[in-house]
Amino acid sequence: MRGSFHHLDLTVRDLGISRDFYTPLLTFLGYRCVKADDTVIVWHLEPAGSYVCALALRPARSDRPHDRYTAGLHHVAWTADSRVSVDAFHALMEAAGATILDAPADYPQYGSTYYSVFVADPDGMKLEYAYTG
C-alpha cells in the first residue's frame, strides 16, 4: 500500500540480547524470523502469505545509549486488535522481564478508545502496543 512502511531496521548494542527480547515479542505479533546471522536478524509480517512489513536488528557501531529525545527514533508502536491483546502483550513482556514503562491504560488524549502499553527494549527504545477501537 502506498505510503505504508516497508521495513524498519533498528540498531542495537548486543544482537544476542536483543534477539532474545524481540523474538517472543514479534512472534506474539505474528512475525516470523526469515534471516539470522552475525550482521542482521530479520522478521517478516506476512499474514495469509502476503508480505506486509519487516523489522530487522543490526549491530550498533557504538555503545552510545538510545535517547529518544535526540534526533532519531522516538518510539515504535504496533496496532493491537483488542484491549485483551494489549493486556496479553503486557503479561508476555512482564514475564520476559522487560522494563514496563507504562502498564496498560486508557489514553483519551490520543482518542476516545485509545488503550496501550509501553515497554523498553534492552537498549531503552520505547515500544508501544496500542488498541484504538
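The questions and answers below go through a predicted model.

Q: In what order do the strands of the open sheet of four strands lie?
A: Strands of a sheet pair through backbone hydrogen bonds, either parallel or antiparallel. In this sheet the pairing is mixed. The edge strands, each pairing on one side only, are strand 5 (75-79) and strand 6 (99-106). The order is 5-8-7-6.

Q: What is the average twist from one strand to the next?
A: The sheet in question is the open one with four strands. From one strand to the next, its twist averages 15 degrees.

Q: In which sense do strand 5 and strand 8 pair?
A: Strand 8 covers residues 126-131, and five bridges join strand 5 to strand 8. Within this pair, Thr-79 stands opposite Ala-130 of strand 8. The sense of the pairing is parallel.

Q: At about what angle does helix 1 run to strand 8?
A: Helix 1 is made of residues 15-29. Helix 1 lies across strand 5, strand 7 (115-120) and strand 8. Its angle to strand 8 is about 15 degrees.

Q: Which strands does helix 2 touch?
A: Helix 2 (residues 83-95) packs on the sheet. Its direction makes about 20 degrees with that of strand 7. The strands touched by helix 2 are strand 6, strand 7 and strand 8.

Q: Which element gives the largest share of the largest nonpolar core?
A: This core has 28 residues, and those with the most contacts inside it are Tyr-22, Leu-25, Leu-26 and Trp-78. Elements that give two or more residues to the core include strand 1 (7-12), strand 3 (41-45) and strand 4 (53-59). The largest share is six residues, and it comes from helix 1.

Q: Which residues is Trp-78 in contact with, leaving aside its neighbours within four places in sequence?
A: Trp-78 is among the residues with the most contacts inside the largest nonpolar core. Its contacts, with those neighbours left aside, are Leu-25, Leu-26, Leu-29, Tyr-31, Leu-55, Leu-127, Glu-128, Tyr-129 and Ala-130.

Q: Is Cys-53 buried or exposed?
A: A residue counts as buried when its relative accessible area is under 20%. The relative accessibility of Cys-53 is 14%, so Cys-53 is buried.

Q: How many disulfides does the count come to?
A: A disulfide is a covalent bond between the sulfur atoms of two cysteines, and here a pair counts when the sulfur atoms are within 2.5 Å. The cysteine sulfur closest to that of Cys-33 is in Cys-53, 14 Å away, so the two are too far apart for a bond. The count is zero.

Notes
Residues are numbered from 1 along each chain as its sequence is written. This is a predicted model: local features need pLDDT of at least 70, side-chain atom pairs count only at pLDDT 80 or more; totals for chains, interfaces and linings use all residues. Side-chain values use heavy atoms; hydrogens and water are left out. Two strands pair if DSSP finds at least two bridges between them. Axes are lines fitted to C-alpha atoms, for helices over the stretch in contact, and angles run from 0 to 180 degrees between N-to-C directions. Contact means heavy atoms within 4.5 Å. Buried means under 20% relative accessible area, exposed over 50%, partly exposed in between (1.4 Å probe, protein chains only). A nonpolar core is a set of buried Ala, Val, Leu, Ile, Met, Phe, Trp, Tyr and Cys residues joined through side-chain atoms within 4.5 Å.
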